[in-house]
Amino acid sequence: MTANLRHSRAGGNPATLITECLDIWISADTAKKSGRGRASGNSINVYGVKKLRELILELAVRGKLVPQDPKDEPAGELLKRIQVQKEKLIKSGKIRKGQQLPLITDNDKYFDLPNGWDWSRLGNIGDWGAGATPLRSISSYYGGKTPWFKSGELIADFIDTSEETITELALKECSLRLNQPGDVLIAMYGATIGKAAILKVAGTTNQAVCACTPNKGIFNRYLLLLLKAMKSNFIGQGAGGAQPNISREKIIATLAPFPPQLEQHRIVAKVDELMALCDQLEAQHNNVTEAHEKIVSVLLETLTQSTDAKAFTENWQRIATHFDTLFTTESSIDALKQTLLQLAVRGKLAPQDMDSENADVTYSKNIKLPKNLERSGKQKIRDKSIIAKDKLPTIPETWSYKSIDQLYLSNHILDYADGNHGSLYPRKADFGKEGVLFLTAAQISNNGYISWDQCPRLKYPIAKQLLKGWATENDVFFTHNATVGRTAYAHDCPESKFLLGTSVTYYRINENSIEPKYLCLYFASPSWQAQAELVMKQTTRNQVSITKQALFFVALPPLAEQRRIVAKIDELMTLCEQLKARVTKANQLQQKLVDVMIEKAVA
C-alpha cells in the first residue's frame, strides 16, 4: 500500500466507481513500445485497466470492496486462536519459536480498519521459510522429481511446473524446505520482488523465494491478493542496495490487515469477478485497437500502391475525409509518418520537373573530390547485391537507383565509416568529464534527434591517437550494430568534430550533388530499412556491416527535387508531431482523471 495513502479513513463502498466508469478506465492508454530492428514490436497497455486492477486489490484489503457482516467472528478472535495454536506447536517441537516480532502500535497502522478487521504481522499468520540452491557441482542433486521454483517462475496465481527439479538427496542434505500444495510463494530479489503465487504441487524454491504455509483460518487466496496489493510496500523495503532485495525477516515483520475468516472468502470471490471484468475490458480494448490499426494500415497501403496520380488523389481524399478519426493513437501516427517517407522516396510527394537533368545521367558521372579530402579508404566490394534491382519499388523516370558503393566510387558520397574497433576502441577509463564528444547509438533517438548533452567524452590524449570515426556537421548517421535502423542528420553540433562509436556509420555527402537531408530521410524510409532487414535475416546477429551497406540501393531524384521533397517532409512531419502532441496531452488528461478517481475511491 502506497505511503501517500497512509492514515486515510475507510468509509462507504466505492465499488460502483469501478463498474459505472468503465469508459474512463478503458480510455486511458499507456503508449506502446516501439523500435526498429529485429527486436522491434508494439505492445499496448491500457493504463486505466492496469490502475483499475491495482485499485481493486487496494479496496479489497481495506475492506471497501464487500460489505461487512456483523455476524462474522471478528478477525481479532481468529488471530488469538492462531497464536494459541502456534504456541502449542512450538511446545510440541513441531515448529521453531522464531524471532520475536515487534508489538503493533497505532503509529504502525496504515489506515483505519472496518469493524471486525484487525492488524497482524505476517509472521504471525503462518509459517514462513526461504529456499536454497544446492551445489551445482553435485550432479546427484539435480534431475529428481521435486520441482524447484525460482522467482521468475511466479508468473500465474497458481503454479505447478518448474524448469528444474531436484532429488530427495538434495532435499535431505541441503535442508531444503518442502512446501506443500496451497502454500503461498513470494519473490524477494531484483525486478521480481513482490511477485506471488500459490503452489498446486509439493515443491521447494531457491533462496530468492519465500514460502508461507498459512495457519488455519487464513485463506491462502486472500493472502495471495494481500501480497499482491502490498507489492509496492515490499519493493520499497528492498530499495537502497546495488541489488534490490527483501529478506524473510522483513516479510514476517511487515504489518498487514486481516478480515474475518468468512469475509476473506467473500473478498476473494468479488476480486475474481472484478478481475474477469478487467480481462473483458482489455480484450475489448485490444480488439478495437487491432481493428483500428488494420483499417489505418489498409488505407495507407492504398497510397503506396496507387498506380497513377488520379488514383493517388482519390485514395488520399478518402483518408483526409476521416483524418481526425483515423490518426488518434501514437501507433497510427507513426504508421502515417512511415507512409509519408515511403511516398517521398517513390516520387509521390513532390512534383517532377521534366526539364531537369535525368538523375541517371547525373549520378553516372564521376565528379572531382574536394581538395585536401582524406578518405577512410574502402576495400573493394565483391559481394553480390542484397536485393535485385528489378525488385525495388518503382520510381519516376527522372530518378535513378544507385548503390552506396557506386556513389562512393563516383565521389557523390565523399566518405562513410564507423568508429574504431578492436584494440583501438576506447576503454571505460578513457572517458571523463572533459574531452571529445563520443556519439553512440544510445544518443540517437527513433525520431532522428541527437542528444548531444548525453554523449560521453573521450579524454583528449586518447582521442588524438584515433584516426578513424571522426564525424562533423552535415554528416548523416545510420546505426548499424545491436540498435539497428536509427538515422540522424548532424546539425547544430556543439563541436566542429566529434568521434563515433562502433555502432554508428557516418555518411559524408558531396552537397553539390546530393542533399544530405534527403539521404537521411531515405535511410529512415521503409525502402532502406527493408534492405537492412534482409541482411539481418541472413545472420544470427543484429548487425548491418558497412560492407553490406555498400550494396544497398538509394533512390535518387534530381537535386532540386530532393530539396523540394525535404521541404515537404519537414512540413508534414511537423504536422505529425503536432498530432502526436495532441494525442499525448489527451491521454495524460485521461490518466490524470483515472488517478483522481483512485484517490477518491480510497479516501
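Good morning. A residue is called buried when its relative accessible area is under 20%. With that term in hand, let us turn to strand β10 of this predicted model. In β10, Leu255 and Pro257 point one way, while Ala256 and Phe258 point the other way. Each of these four residues is buried.

What does β10 pair with? Strands β1 and β10 pair in the antiparallel sense, and 4 bridges join them. Within that pairing, Ser120 has Ala256 of β10 as its bridge partner.

The next element is helix α4, which packs against this pair. Helix α4 covers residues 75-91, a total of 17 residues. From its first C-alpha to its last, the helix reaches 25 Å, close to the 24 Å expected at 1.5 Å a residue. Its buried residues are Ala75, Gly76, Leu78, Leu79, Ile82 and Lys86. They lie on the same side of α4, because the arc they cover around the axis is only 155°. What do these buried residues pack against? Their neighbours are β1, spanning 118-121, β10, spanning 255-258, and helix α9. On the face turned away from the buried side, α4 carries the exposed residues Lys80, Lys88 and Lys91. Just after the helix, Gly93 takes a positive phi of about 80°.

Let me now move to helix α9, and to two of its residues. The helix runs over residues 261-304. Gln264 belongs to α9, and its relative accessible area of 0% makes Gln264 buried. Which residues does Gln264 touch, leaving aside those up to four places away in sequence? They are Leu78, Gly217, Ile218, Phe219, Tyr222 and Pro259. Leu78 also appears among the buried residues of α4. In addition, a polar atom of the Gln264 side chain lies 3.3 Å from the backbone oxygen of Pro259. For a sense of scale, the C-alpha atoms of Gln264 and Pro393 are separated by 64 Å, and these residues are 129 residues apart along the chain.

The second residue is His292, also found in helix α9. Is His292 buried or exposed? Its relative accessibility is 18%, so His292 counts as buried. Its side chain reaches the backbone oxygen of Leu326 at 2.7 Å. Beyond residues up to four places away in sequence, His292 touches Thr325, Leu326, Thr328, Thr329 and Ser332.

I should also mention helix α3, which covers residues 47-60. Its 14 residues should span 20 Å at 1.5 Å a residue, and the end C-alpha atoms are 20 Å apart, which agrees. How many residues of α3 are buried? The count is 11 of 14, so that α3 is mostly covered. Among the buried residues are Tyr47, Gly48, Val49 and Leu52. Lys51 and Glu58 are also included in that buried set.

We come now to two open sheets. The first one I will describe consists of 3 strands in the order β5-β3-β8, with mixed pairing. Strands β5, at 164-166, and β8, at 204-205, stand at the edges; each has a single partner strand, so one side of each is left without a neighbour in the sheet. Strand β3, residues 142-149, runs antiparallel to β5, and 4 bridges join the two. Trp148, for example, has Glu164 in β5 as its bridge partner.

The other open sheet has 5 strands in the order β13-β15-β14-β19-β16, and its pairing is mixed. Here the edges are β13, at 431-432, and β16, at 470-472; each has a single partner strand, so one side of each lacks a neighbour in the sheet. Inside this order, β14, residues 436-439, and β19, residues 497-500, pair in the parallel sense over 2 bridges. Leu439 has Leu500 in β19 as its bridge partner.

Finally, a word on the cysteines. How many disulfides does the model contain? Two cysteine sulfur atoms must be within 2.5 Å to count as a disulfide, and the count comes to 0 disulfides. Cys520 is in no disulfide, and the nearest cysteine sulfur, that of Cys493, is 12 Å away. Cys576 is likewise in no disulfide; the nearest cysteine sulfur to Cys576 is that of Cys520, 16 Å away. Both residues are buried, Cys520 at 11% relative accessibility and Cys576 with a relative accessible area of 2%.

Thank you for your attention.

How values were computed
Residues numbered from 1 in each chain as written. Predicted model: local features only at pLDDT ≥ 70, side-chain atom pairs only at ≥ 80, totals over all residues. Heavy atoms only, no water. Buried < 20%, exposed > 50% of the residue type's maximum accessible area, 1.4 Å probe, protein only. Pairing = 2+ DSSP bridges. Polar contact = N/O pair within 3.5 Å; in protein donor to acceptor, adjacent residues only side chain to side chain. Contact = heavy atoms within 4.5 Å. Expected span 1.5 Å × (residues − 1). Arc of directions from axis to C-beta.
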